[in-house]
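These are my notebook entries on a structure that I looked up for a reader new to it. I proceed from the overall make-up to particular places in the chain.

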Amino acid sequence: MNTDRSRVSCASLYRLYGLMLIVFILSRCPAPSGDIALYSGNGADDACLTATHAMFEAAGYQVVLIGPRDINSTTLERFRVVCFPGGDMYQYARDISSSGKEQLRAYVSDGGAYIGICGGAYFTGEQVYWQGTELPVTCLGIFPGNTRGPLDVIAPYPYCVMCKVNMTDTLHPITRAEPDTAWIVYCYGPTFDPHSGADIDILGVYDISQTPALVAWQYGSGRVFVIGPHPEFEEDDDRDGVDFCESFDDRGSDWDIMKNAVMWCLGEH
């Protein structure tokens with residue numbers, strides 16, 4: 001037996017075990033705390049994720065990226081807001097387990113907050129309809145009604161356009177300091193179809209369809225804000241970190257609306 005070689009082999013084995021232990025510990029550790037937990041799992045669109053991250057950071061909030069494990073297996077109380085950005089709501093629904101969805105609902109109901117943009121807004125529906133067909137998945141169900149899209153009268157899938165949104169509630173803290181209209185990128189986002197008597201605030205509607213585009217409501221002790229189009233994109237400014245839709249005619253930033261939405265969700269506005 002070669003003793004020196006055995007010592008080297010044992011030392012290498014110990015190092016391997018040590019690395020495996022570190023990886024295991026890190027994999028079990030929750031994400032760090034922050035103001036806004038931004039979902040970045042499968043389905044989250046890269047451009048939407050980048051621009052949304054930049055938008056919230058520009059508003060002065062600490063943003064932490066999270067994935068399905070952070071919702072399915074750990075606690076969310078270390079965050080003030082959870083945001084699901086534009087992306088594939090079908091993938092969101094598949095990757096977030098039933099217990100993860102229940103934890104997310106409980107987080108909001110117990111005083112947390114949820115912001116959904118496009119795909120993240122679709123995800124809040126009790127039933128979600130895509131191109132007229134109900135998706136065969138269970139989504140979050142915190143919106144008291146259904147979400148449906150795209151709105152072909154604005155732009156059929158997969159086209160994106162600037163769309164006009166009319167603010168219909170000028171007294172709400174999110175919209176009261178905003179102009180009566182806004183032009184926001186529309187990329188096959190949802191409209192919101194509430195149940196009769198649902199206690200929600202419709203803040204804005206798509207000009208062409210006159211259906212809800214921005215909605216806010218109380219969920220238990222928490223608050224929810226959803227928006228169908230994409231306010232995160234700055235078509236004439238590179239501060240969003242992406243070059244998406246740069247050829248479009250941007251008629252003003254929509255980031256102030258989203259800062260107002262965060263402040264309202266946190267009870268600061």
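I take helices (H or I, at least four residues) and strands (E, at least two) as DSSP runs, numbered from the N terminus. I note that the model is predicted, that local features need pLDDT of at least 70 and side-chain atom pairs count only at pLDDT 80 or more, while totals for chains, interfaces and linings use all residues. Residues are numbered from 1 along each chain as its sequence is written, and side-chain values use heavy atoms, with hydrogens and water left out.

**Entry 1: overall make-up**

I looked up the elements and found seven helices and 13 strands in the protein. I then looked up burial, where buried means under 20% relative accessible area, exposed over 50% and partly exposed in between (1.4 Å probe, protein chains only). Of the 269 residues, 49% are buried. For contacts, I use heavy atoms within 4.5 Å. Among contacts between residues at least 6 apart in sequence, 70% join residues at least 24 apart.

**Entry 2: the loop between strand 7 and strand 8**

I looked next at the loop between strand 7 (145-149) and strand 8 (161-167), where Asp152 is found. Pro150 has its place in this loop, and Pro158 lies there too. The peptide bond from Gly149 to Pro150 is cis, with omega near -5°. The bond from Tyr157 to Pro158 is also cis, with omega near 10°. Asp152 is exposed, at a relative accessible area of 53%. Its C-alpha atom is 9.7 Å from that of Ser209, a residue 57 places away along the chain.

**Entry 3: positive phi**

I recorded the general background that most residues other than glycine have a negative phi, and most peptide bonds are trans. Cys118, in the loop between strand 4 and helix 6 (119-122), has a positive phi of about 50°. I found Cys118 to be buried, at 4% relative accessibility. Gln210, in the loop between strand 11 (201-206) and strand 12, has a positive phi near 55°. Gly267, just after helix 7, takes a positive phi of about 75°.

**Entry 4: helix 7 and helix 2**

How many residues of helix 7 are buried? I found eight of its eleven, including Trp255, Met258 and Val262. Among the elements that cover these buried residues are helix 2, strand 1 (34-39) and strand 4 (113-117).

Helix 2 (residues 46-58) packs against helix 7 (residues 255-265) at about 70°, with the axes 10 Å apart. Axes are lines fitted to C-alpha atoms, for helices over the stretch in contact, and angles run from 0 to 180 degrees between N-to-C directions. The two helices are therefore roughly perpendicular, a term for angles of 65 to 115 degrees. Ala51, Ala54, Met55, Phe56 and Ala58 in helix 2 meet Trp255, Met258 and Val262 in helix 7. The residues of this contact are eight nonpolar, no polar and no charged. Nonpolar here covers Ala, Val, Leu, Ile, Met, Phe, Trp, Tyr, Cys and Pro.

**Entry 5: the nonpolar cores**

A nonpolar core is a set of buried Ala, Val, Leu, Ile, Met, Phe, Trp, Tyr and Cys residues joined through side-chain atoms within 4.5 Å. The largest core has 39 residues, and Phe225 is one of those that touch the most other members. Helix 7 gives the largest share of this core, seven residues. A second, separate core of 34 residues includes Ala37, Phe84, Leu140 and Val215. Not counting residues up to four places away in sequence, Phe225 touches residues including Met258, Ala261 and Cys265.

Note on methods. Angles under 35 degrees count as roughly parallel, over 145 as roughly antiparallel, 65 to 115 as roughly perpendicular and the rest as oblique.
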